[in-house]
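Reader: Please take me through this structure in questions and answers. I would like the reasoning along with each result.

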Amino acid sequence: MGERVIERACLIADEQGAQALTLSRLAADLGVAPPSLYKHVGGLDDVAHQVAMRATGSLADALAAAVMGRSGHDALVAMARAYRAFAHDHPGLYSMAQGPTGDADALGSAQARRTVEVVTAALVGYGLPDAKVVDAVRMIRAALHGFVDIELRGGFAMSEPVEGSFQVLVDSLDAALTALGGEAIRPEPFPGPR
């Protein structure tokens with residue numbers, strides 16, 4: 001039953017958003033009395049935590065599948081498209097994967113670390129210096145999340161389609177990553193005559 005509880009919670013969160021996820025709603029959907037849920041979960045915080053973990057794992061799975069066998073520019077494009085598609089296909093789970101529960105464990109979870117590992121592996125083709133990898137991962141997350149969050153909230157009110165703008169964003173990330181990688185192989189300047 002515990003598995004069914006979390007699966008149903010994921011559906012509620014995904015279809016109606018995290019704010020719709022309550023124990024009374026979950027119990028009603030499962031056809032049980034709310035106190036019965038406590039046999040399987042530790043309360044609403046526990047449910048939200050488990051949904052956030054699943055959401056983060058699902059996002060990591062989507063990104064990993066997209067970048068498999070790719071590197072550099074191709075991996076970045078595939079990852080960006082998969083990230084955006086996940087957010088559109090699963091808006092509630094996407095929101096939960098961003099850590100809205102305030103649960104520090106969720107953001108430091110194995111699923112969250114796996115997401116970072118997938119992104120880091122996709123960036124290998126850029127030849128980034130080790131000192132810049134964390135910066136690059138943060139830059140990509142900030143850019144993609146910012147775009148997707150505004151898009152999902154209907155914030156791009158201009159009449160032009162957003163697809164072109166998304167491509168410009170990805171191309172800009174590619175240029176920035178290429179420049180960061182170029183720093184790693186830039187030769188030392190010739191010292192000149194002595």
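Reader: Which residues in helix 7 are buried?
Author: This is a predicted model, and burial here means under 20% relative accessible area. In helix 7, that condition is met by Ala112, Thr115, Val118, Val119 and Ala122.

Reader: Within what arc do the buried residues of helix 7 fall, seen down its axis?
Author: An α-helix has 3.6 residues a turn, so residues three or four places apart point the same way. The buried residues of helix 7 line one face of the helix, because they fall within an arc of 115°.

Reader: How far apart are the end C-alpha atoms of helix 7, and what span should its residues give?
Author: Helix 7 covers residues 110-122, which is 13 residues. At 1.5 Å a residue, counted over one less than the number of residues, the helix should span 18 Å. The distance between its end C-alpha atoms agrees with this, at 18 Å.

Reader: Is Glu151 buried or exposed?
Author: Glu151 is found in helix 8, which runs over residues 130-152. Leaving out residues up to four places away in sequence, it touches Arg84, His88, Phe156 and Val162. Its relative accessibility is 15%, and the cut-off for burial is under 20%. Glu151 therefore counts as buried.

Reader: How does Ala175 count by relative accessibility?
Author: Ala175 lies in helix 9, residues 163-185. Its relative accessibility is 47%, and partly exposed residues lie between the 20% and 50% cut-offs. Ala175 therefore counts as partly exposed.

Reader: How far apart in space are Ala175 and His73?
Author: In sequence, 102 residues separate Ala175 and His73. In space, C-alpha to C-alpha, the distance between Ala175 and His73 is 9.3 Å.

Reader: Among contacts between residues at least 6 apart in sequence, what percentage join residues at least 24 apart?
Author: The protein chain comes to nine helices and zero strands, and along the sequence its pattern is α-α-α-α-α-α-α-α-α. Of its 194 residues, 40% count as buried. For the contacts in question, the share joining residues at least 24 apart is 69%.

Reader: What share of the accessible surface belongs to carbon and sulfur atoms?
Author: The accessible surface of the protein chain comes to about 10,600 Å². The share that belongs to carbon and sulfur atoms is 57%.

Reader: How much of residues 22-41 is helix?
Author: UniProt, in an unreviewed entry, lists these residues for "DNA-binding region". The end C-alpha atoms of residues 22-41 are 13 Å apart. Strand makes up 0% of this stretch, and helix 40%.

Methods:
Residues are numbered from 1 along each chain as its sequence is written. This is a predicted model: local features need pLDDT of at least 70, side-chain atom pairs count only at pLDDT 80 or more; totals for chains, interfaces and linings use all residues. Side-chain values use heavy atoms; hydrogens and water are left out. UniProt positions are given in the numbering used here, feature names are shortened, and annotations may be inferred rather than shown by experiment. Helices (H or I, at least four residues) and strands (E, at least two) are DSSP runs, numbered from the N terminus. Buried means under 20% relative accessible area, exposed over 50%, partly exposed in between (1.4 Å probe, protein chains only). Contact means heavy atoms within 4.5 Å. Accessible areas come from the Shrake-Rupley method with a 1.4 Å probe; for residues, only the protein chains shown count as cover. The arc is that of the directions from the helix axis to the C-beta atoms.
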